[in-house]
Amino acid sequence: FKQWAHPLGEQTGWRRYDGWDQAIKTVQEALHRLAPIDAILGFSQGSNLAHPIAAMAALGKGLPFHCVVHLCTTKPGWVAETPDLFEWKIPMPAFLVQAQKDDIALGGKEVAESYENPVCITHSDGHRPLPARKDEAQEISEAIKNFIVKQCRQ
């Protein structure tokens, strides 16, 4: 678990952060250090942070990579903090997983709408990256793997 920035406001509202710019900078530095990068995958706050990182990559303002996977994303109040990154739909392949019983991260639809052609699925559990049911978790893991492999081969 990593908390990248301090959340502000309501837990289930449009999420904003104190320290957001520094979090973005820290992730960009790590990506450059670890490059080349094929894909970014984030859960919860990591998923939230993956959103502007993907936008930066697509706009040529950050390290490029092939695709992004979001697991349980909150409502993107951070868009107001970095509006220049979200003027247009993000032309990057995106895979979003929402949790049917999640009562924290309720922004999958809003984040999906910021991408040109997102793939969206839902699992049956609460706020967790994969459901507790082994067969369902395996199915979703396989779908994520296939998505990443397909995007990285193009």
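This is a short talk on one sheet, the helix that packs on it, and some salt bridges.

Before the details, two notes on how to read the values. The model is predicted, and local features need pLDDT of at least 70, side-chain atom pairs count only at pLDDT 80 or more, and totals for chains, interfaces and linings use all residues. Residues are numbered from 1 along each chain as its sequence is written, and side-chain values use heavy atoms, with hydrogens and water left out.

Let me start with the sheet. Strands of a sheet pair through backbone hydrogen bonds, either parallel or antiparallel. Here, four strands make an open sheet in the order S3-S4-S5-S6, and the pairing is parallel. Strands are DSSP runs of E, at least two residues, and helices are runs of H or I, at least four, numbered from the N terminus. Two strands pair if DSSP finds at least two bridges between them.

Which strands stand at the edges? They are S3 (39-43) and S6 (119-123); each has a single partner strand, so one side of each is left without a neighbour in the sheet. On average, neighbouring strands are turned by 10° against each other, direction ignored. For angles, axes are lines fitted to C-alpha atoms, for helices over the stretch in contact, and values run from 0 to 180 degrees between N-to-C directions.

Strand S5, residues 94-99, runs parallel to S6, and five bridges join the two. Gln98 stands opposite Thr122 in S6.

Next, the helix. H4, residues 134-152, packs on the sheet and touches S3, S4 (67-71), S5 and S6. Contact means heavy atoms within 4.5 Å. The direction of H4 makes about 160° with that of S4.

Now the charged side chains. The whole structure has six salt bridges. The term means a side-chain nitrogen of Lys or Arg within 4 Å of a carboxyl oxygen of Asp or Glu.

One of them lies within helix H4: Glu142 and Lys145 meet at 3.2 Å, N to O. These two residues are three apart, about one turn of the helix. Glu142 is partly exposed at 37% relative accessible area, and Lys145 is partly exposed at 43%. Buried means under 20%, exposed over 50%, and partly exposed in between, with a 1.4 Å probe and protein chains only.

Salt bridges that share partners also join Arg133, Asp135 and Glu136 into one network. Within this network, Asp135 and Arg133 meet at 3.1 Å, N to O.

Last, Glu113 pairs with Lys109, the closest N and O atoms being 3.6 Å apart. Lys109 counts as exposed at 54%, whereas Glu113, at 43%, counts as partly exposed.
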